[in-house]
Amino acid sequence: MEFLPLIALGLILYVLFSSFKMVRERSAHIVERLGRYNRILHPGLNFVVPFLDKVSKQINLKIQQMDVHIETKTKDNVFVKLQASVHVQVMDTKVKEAYYELDNPYGQISSYIFDVVRAEVPKMDLDDVFARKDDIATAVRMELAEHMEKYGYRIVKTLITDIDPDPLVKDSMNRINAARRNKEAIAEDAEGRKISKIKDAEAEKESKRLQGEGVAEQRLAIIKGFADSVEDFSNTLSDVSPSEIMQFVLLTQHYDTVKEIGEKNASILVPYSPGTLSGLQQQIMEGTQLSDNLNKLKISSLEEEAIKKAQEKH
């Protein structure tokens with residue numbers, strides 16, 4: 001009998017502590033009374049009736065991710081494996097429906113995903129599946145939102161996170177891409193060689209132009225030197241004719257050329273004798289005489305033409 005107060009005290013403490021329920025943030029508790037739905041406990045400290053009320057389920061209100069793997073066929077008869085990731089959340093205002101209406105909500109969500117993906121992907125070629133994966137994800141989200149929100153599940157986001165074709169198809173795609181890249185590389189290399197050849201041709205053109213200008217300037221300098229030499233001789237020796245001066249200058253130039261050839265390292269055989277020098281002098285004199293005769297004929301012709309014009313005027 002002396003243990004009865006202790007038993008009564010323990011029973012009172014149990015009833016007291018079991019009357020209070022602590023609910024964490026972003027969660028909700030389903031309370032049933034004698035097997036029937038009673039109410040929802042929200043975050044914070046809540047009171048329940050001991051022995052009558054029972055917390056049957058703790059509902060997670062956080063956003064959860066579920067991954068679904070699907071194998072299907074594209075329009076061009078290529079089998080691909082896709083992974084769809086769905087972010088789903090139980091709605092605060094429909095916790096009761098989320099618990100009581102669906103027995104296996106995530107299994108049903110997977111069924112909808114399978115149905116939509118296997119309806120959309122066969123309409124596309126393999127390249128379009130990669131390019132339009134966001135369209136597939138949007139179609140899945142719209143289908144899920146339409147059917148699941150009335151049961152208390154909000155579809156936050158849907159993603160197609162992986163597209164994995166058959167290994168043989170992937171190898172073919174890689175070889176096609178490598179061939180395309182190689183073609184672009186060849187085209188770029190050819191364009192580079194073309195530009196290089198154009199630049200080389202432009203450089204050669206400019207070099208020849210400058211070389212021609214240099215030769216022209218050199219010849220002008222030689223002519224000017226000859227003219228200066230003739231003028232110096234004329235000023236110094238008044239009784240020497242221009243033809244004789246030109247012959248002397250040309251002979252001097254001839255000796256300078258022979259000297260320059262002799263100073264070079266290479267061995268060159270040049271037939272040379274006093275007769276050659278006299279022959280050269282004779283050729284120079286004949287050329288000079290011929291030039292003087294041509295000038296005289298030209299002057300006589302001009303004078304005759306001037307006389308005829310004067311007579312015609314009278």
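Here is a walk through this structure, starting with a sheet and ending with its aromatic rings. Keep in mind that you're looking at a predicted model.

Let's begin with the sheet. Three strands line up in the order β6-β7-β8, and the sheet is an open one with antiparallel pairing. β6 and β8 sit at the edges, each pairing on one side only. From one strand to the next, the twist averages 20°. If you look for the join between β7 and β8, you'll find eleven bridges between these antiparallel strands. One spot to pick out there is Val88, which stands opposite Ile155 in β8.

Now add the helices. α3 packs on this sheet and touches β6, β7 and β8, with its direction at about 35° to that of β6. A residue to look at in this helix is Ser110, which has its place in α3. Is Ser110 buried or exposed? Its relative accessibility is 18%, and the cut-off for buried is under 20%, so Ser110 counts as buried. Setting aside neighbours within four places in sequence, Ser110 is in contact with Met66 and Val68.

α5 comes next. This helix lies across β7 and β8, and runs at about 145° to β8. α5 has 16 residues, and the distance from its first C-alpha to its last is 22 Å, close to the 22 Å expected at 1.5 Å a residue. Several of its residues are tucked away: Ile136, Ala137, Ala139, Val140, Leu144, Ala145 and Met148 are buried. What covers them? The cover for the buried residues of α5 includes β7, α3, α4 and β8.

That brings us to the core. The largest nonpolar core has 36 residues, and Ile113 and Leu144 are the ones with the most contacts inside it. Quite a list of elements gives two or more residues to this core: the strands β2 (27-33), β6 (64-73), β7 (79-90) and β8 (153-165), together with the helices α2 (95-100), α3 (105-120), α4 (126-131) and α5 (133-148). To get a feel for it, zoom in on Leu144. Which residues is Leu144 in contact with, once neighbours within four places in sequence are left aside? They are Val86, Ile109, Tyr112, Ile113, Glu149 and Ile155. So Ile113, which shares the top spot for contacts inside the core with Leu144, turns up among the contacts of Leu144 as well. Ile155 is there too, and you've already met Ile155 opposite Val88.

β2, one of the contributors to that core, deserves a look of its own. This strand is mostly covered, with six of its seven residues buried. β2 has strand partners as well. Seven bridges join it to β5 (residues 53-60), and the two strands run antiparallel. Along that pairing, Ile30 stands opposite Lys57 in β5. Another five bridges join β2 to β3 (residues 36-41), again running antiparallel. Here you can spot two arginines facing each other, as Arg33 stands opposite Arg36 in β3. Between β2 and β3 there's a hairpin with two residues between the strands, where Leu34 takes a positive phi near 55°.

Last stop: the aromatic rings. How many aromatic pairs does the structure hold? There are four. One of them is formed by Tyr37 and Tyr100, an edge-to-face pair with 5.8 Å centre to centre and 80° between the planes. This pair links distant parts of the chain, since Tyr37 is in strand β3 and Tyr100 is in helix α2, 63 residues apart. Both partners are partly exposed: Tyr37 has a relative accessible area of 31%, and Tyr100 has a relative accessibility of 34%.

Another pair is made by Tyr106 and Tyr153. Their ring centres are 6.3 Å apart and their planes are at 75°, so this pair is edge-to-face. It also links distant parts of the chain, with Tyr106 in helix α3 and Tyr153 in strand β8, 47 residues apart. Here the two partners sit in contrasting settings: Tyr106 is partly exposed at 29% relative accessibility, whereas Tyr153 is buried, with a relative accessible area of 5%.

To round things off, go back to Tyr37 and Tyr100 for a moment. Together with Tyr99, they form one aromatic cluster.

Definitions and conventions. Residues are numbered from 1 along each chain as its sequence is written. This is a predicted model: local features need pLDDT of at least 70, side-chain atom pairs count only at pLDDT 80 or more; totals for chains, interfaces and linings use all residues. Side-chain values use heavy atoms; hydrogens and water are left out. A nonpolar core is a set of buried Ala, Val, Leu, Ile, Met, Phe, Trp, Tyr and Cys residues joined through side-chain atoms within 4.5 Å. Buried means under 20% relative accessible area, exposed over 50%, partly exposed in between (1.4 Å probe, protein chains only). Helices (H or I, at least four residues) and strands (E, at least two) are DSSP runs, numbered from the N terminus. Contact means heavy atoms within 4.5 Å. The expected span of a helix is 1.5 Å times one less than its number of residues. Two strands pair if DSSP finds at least two bridges between them. Axes are lines fitted to C-alpha atoms, for helices over the stretch in contact, and angles run from 0 to 180 degrees between N-to-C directions. Rings of Phe, Tyr and Trp (its six-membered ring) pair if their centres lie within 6.5 Å; planes under 30 degrees apart count as stacked, over 60 as edge-to-face and the rest as tilted.
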